[in-house]
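Subject: Model for you to look at

Hello,

Here is the model I promised. Please open it alongside these notes.

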Amino acid sequence: MLGAEANEVDEVVWPAVASHGSAAYLWGLYRFAPETIDVTAPIRRRAKREFRVHFSSILAAEDRGEREGIPVTSVSRMLLDLAIRARPEQLDRLLERAEELELLDLHAVEDVLDRAGGHRGRGRLRRALSLYQPDPSFTRSRFEKLFRRRVLAAGLPTPSMNFNVDGYELDAYWPDLRFAVELDLFETHGTRAAFERDHVRQEELKLLGVEMIRVTLPRFRREPETVMRNLAALLARRRAELHRP
């Protein structure tokens, strides 16, 4: 068991380590240092004003590391600790950032989860980690993974990812409704030639009886709830259209 968290203590004694937001900053997952320094310590005492001290009766060797000469929780343990209060999209971004920095070790995360006992971040981190597990649907970008996760969380029908219709590959597709969502990234749609191809493609698909909407990554990150609400309404409308006498 990893032990409890969020208990205040008096002074920092070894093997106290930087943890939570401070660990995220030291590992490079946060751009700016948090105002309050988070540490995890093995005994309960009162914290000094500038510190927020968390208690863990056991912090295994594999849950500790060193960064810039400072003792710190491992990336996996840090993700577990932050999962307690992080919103789903924040946790997704932390995992994504760890992957970008080549710090994400899925085996290490699974190990820390297996030892987590009643830690309050366990369920949230395991749900977030499901995006990185093998899946029958083939997704080729983090955007697709995040979109599919949001669709499932919203209770909507599961789309087929990267589905081929008459030679056109669709990012997310509901075959029974002949409805598609194109997930737009500037990197793949940022040229004039791509802009022209996209419009021809959408026209050809419409002629094939496929309705399609486009969702950009910036918008999805800014207002995911609105995107899901609109998608639910459009799927319901499409279902009604197809079943109209």
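The buried residues of helix 5 (buried: under 20% relative accessible area, 1.4 Å probe, protein chains only) pack against helix 2 (75–82), helix 3 (88–100), helix 4 (106–114) and helix 6. Contact here means heavy atoms within 4.5 Å. Helices (H or I, at least four residues) and strands (E, at least two) are DSSP runs, numbered from the N terminus.

Bear in mind that this is a predicted model: local features need pLDDT of at least 70, side-chain atom pairs count only at pLDDT 80 or more, and totals for chains, interfaces and linings use all residues. Residues are numbered from 1 along each chain as its sequence is written, and side-chain values use heavy atoms, leaving out hydrogens and water.

Back to helix 5 (residues 122–129): its buried residues are Leu 125, Ala 128 and Leu 129. They sit on the same side of helix 5, because they cover an arc of only 100° around the axis. That arc is taken from the directions from the helix axis to the C-beta atoms.

Now the sheet. It is open, with 4 strands in the order 6-7-8-9 and mixed pairing. Strand 6 (160–165) and strand 9 (211–216) are the edges, each pairing on one side only. Pairing requires at least two DSSP bridges between two strands. The twist averages 45° from one strand to the next. Angles run from 0 to 180 degrees between N-to-C directions, with axes fitted to C-alpha atoms, for helices over the stretch in contact.

Strand 6 pairs with strand 7 (residues 168–174) in the antiparallel sense, over 5 bridges. Met 161 has Ala 172 in strand 7 as its bridge partner.

Helix 6 (residues 142–153) lies across strands 6, 7, 8 (179–184) and 9, at about 135° to strand 8. Helix 10 (residues 224–242) also packs on the sheet, touching strands 7, 8 and 9. Its direction makes about 155° with that of strand 8.

Best wishes

Note on methods: Buried < 20%, exposed > 50% of the residue type's maximum accessible area, 1.4 Å probe, protein only.
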